[in-house]
Amino acid sequence: MSVDVRTEIEIQRPRDEVAAFASDPANATAWYKDIEAVEFETQGRVAVGSRLRFRAHFLGRTLEYTYEVREIDPGRRFVMATAEGPFPMETTYTWDDTGPGATKMGLRNRGEPSGFAAVTAPLLKLAIRRANEADLRRLKARLEG
C-alpha cells in the first residue's frame, strides 16, 4: 500500500519569505518537531543533486536517512527524496500566493513502504498527517510571530 499525505496551511507572510525559510535545510530543526539534526553531505548552496543527512525521532524510533534534492523552482516548489530504508519517501513543498502578503504552503510526503512498514501503512499515514499538520502550525507560528 502506498502512502500519500498532503497537508496545507496559510501563513500571513510573503511567498518568497516562507519558501526561503522552509526550503533551507538549516532551518528544519526550527519547525520540524521530529528532526533532531541535518548535515550537508555535499558542499555549497542547496541545488538539485545536493545530499542532506537527517536524523529524526518518529514513532518511538531514531531514523537516519539521506535526502537528495530532486527539484527546485524557487518560491514555488522544492522536492527531496530518499531511497533508503524500509520507507523510501519523497517530500514536496509548494507555495502559492493567497492574498497580499499571504501564502498557502503545501507539504506532501509519499512513498512505498516495504516489509513491516507496508503492513502498518494505514497507521503510518495517520502519524505522518498528524506530524505534518503540527509542523506546519509550528512553521506558521515561527514566521508570523
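**Entry 1. Aromatic rings**

I began with the aromatic rings and found that ring pairs join Trp-31, Tyr-32, Phe-78, Tyr-93 and Trp-95 into a cluster. I note at the outset that the model is a predicted one. Across the structure I count seven aromatic pairs. Among them is the pair of Phe-54 and Tyr-67, which is edge-to-face, with 5.3 Å from centre to centre and 85° between the planes. I then looked up where the two rings sit: Phe-54 belongs to strand S3 (residues 51-58) and Tyr-67 to strand S4 (residues 61-73), so that the pair links distant parts of the chain, 13 residues apart.

Are the two partners buried or exposed? Phe-54 has a relative accessible area of 4% and is therefore buried. Tyr-67, at 5%, is buried as well.

**Entry 2. Salt bridges between S3 and S4**

I next searched the whole structure for salt bridges and obtained 14. I recorded the principle beforehand: side chains of opposite charge can pair when their charged atoms come close.

One of the bridges is formed by the side chains of Glu-68 and Arg-51, at 3.6 Å from N to O. This pair also links distant parts of the chain, with Glu-68 in strand S4 and Arg-51 in strand S3, 17 residues apart. I checked the accessibility of both residues. Glu-68 has a relative accessibility of 27% and counts as partly exposed; Arg-51, at 32%, counts as partly exposed too.

The side chains of Arg-53 and Glu-64 form another salt bridge, at 3.5 Å from N to O. Here Arg-53 lies in strand S3 and Glu-64 in strand S4, eleven residues apart, and the pair again links distant parts of the chain. Arg-53 is partly exposed at 24% relative accessibility, and Glu-64 is partly exposed at 46%.

I set these entries beside the aromatic pair. Phe-54 in S3 and Tyr-67 in S4 make a ring pair, and both of those residues are buried. The charged residues Arg-51 and Glu-68, by contrast, are partly exposed.

**Entry 3. Helix H4**

I turned to the helix and asked which residue forms a salt bridge with Lys-140. The partner is Glu-144, and the closest N and O atoms are 2.9 Å apart. Both residues lie in helix H4 (residues 121-144), four residues apart, which is about one turn of the helix. Lys-140 is partly exposed, its relative accessible area being 24%, and Glu-144 is partly exposed at 35%. I also noted a network elsewhere in the list of bridges: Asp-4, Arg-6 and Arg-108 are joined into one by salt bridges that share partners.

Still in helix H4, I looked up Ala-131. Its relative accessible area is 17%, and the limit for buried is under 20%, so Ala-131 counts as buried. Which residues does Ala-131 touch beyond its neighbours within four places in sequence? I found Asp-34 and Phe-58. I also took the C-alpha separation of Ala-131 and Lys-33, which is 8.0 Å for two residues 98 apart along the chain.

**Entry 4. Strand S7 and its partners**

I then examined strand S7 (residues 102-111). Seven of its ten residues are buried, so S7 is largely enclosed by the rest of the structure.

I listed the strands paired with S7. Strand S1 (residues 3-11) is antiparallel to S7 and joined to it by nine bridges; Val-3 stands opposite Gly-111 in S7. Strand S6 (residues 89-99) also runs antiparallel to S7, with ten bridges between them, and Glu-90 is found opposite Arg-110. I inspected the connection from S6 to S7 as well: the two strands form a hairpin with two residues between them, and Gly-101 in the turn has a positive phi of about 70°.

**Entry 5. Thr-103**

My last entry concerns one residue of S7, Thr-103. Its relative accessible area is 0%, and Thr-103 is therefore buried. What lies close to a polar atom of its side chain? I found the backbone oxygen of Arg-13 at 2.7 Å and the backbone nitrogen of Arg-15 at 2.9 Å.

With neighbours within four places in sequence left aside, the contacts of Thr-103 include Ile-9, Glu-10, Ile-11, Pro-14 and Val-18. Trp-95, Asp-96 and Thr-98 are also among them. I note that Trp-95 has already appeared as a member of the ring cluster.

Definitions and conventions. Residues are numbered from 1 along each chain as its sequence is written. This is a predicted model: local features need pLDDT of at least 70, side-chain atom pairs count only at pLDDT 80 or more; totals for chains, interfaces and linings use all residues. Side-chain values use heavy atoms; hydrogens and water are left out. Rings of Phe, Tyr and Trp (its six-membered ring) pair if their centres lie within 6.5 Å; planes under 30 degrees apart count as stacked, over 60 as edge-to-face and the rest as tilted. Buried means under 20% relative accessible area, exposed over 50%, partly exposed in between (1.4 Å probe, protein chains only). A polar contact is a pair of N or O atoms within 3.5 Å; within protein, one must be able to donate a hydrogen and the other to accept it, and residues adjacent in sequence count only if both atoms are side-chain atoms. Contact means heavy atoms within 4.5 Å. A salt bridge is a side-chain nitrogen of Lys or Arg within 4 Å of a carboxyl oxygen of Asp or Glu. Two strands pair if DSSP finds at least two bridges between them.
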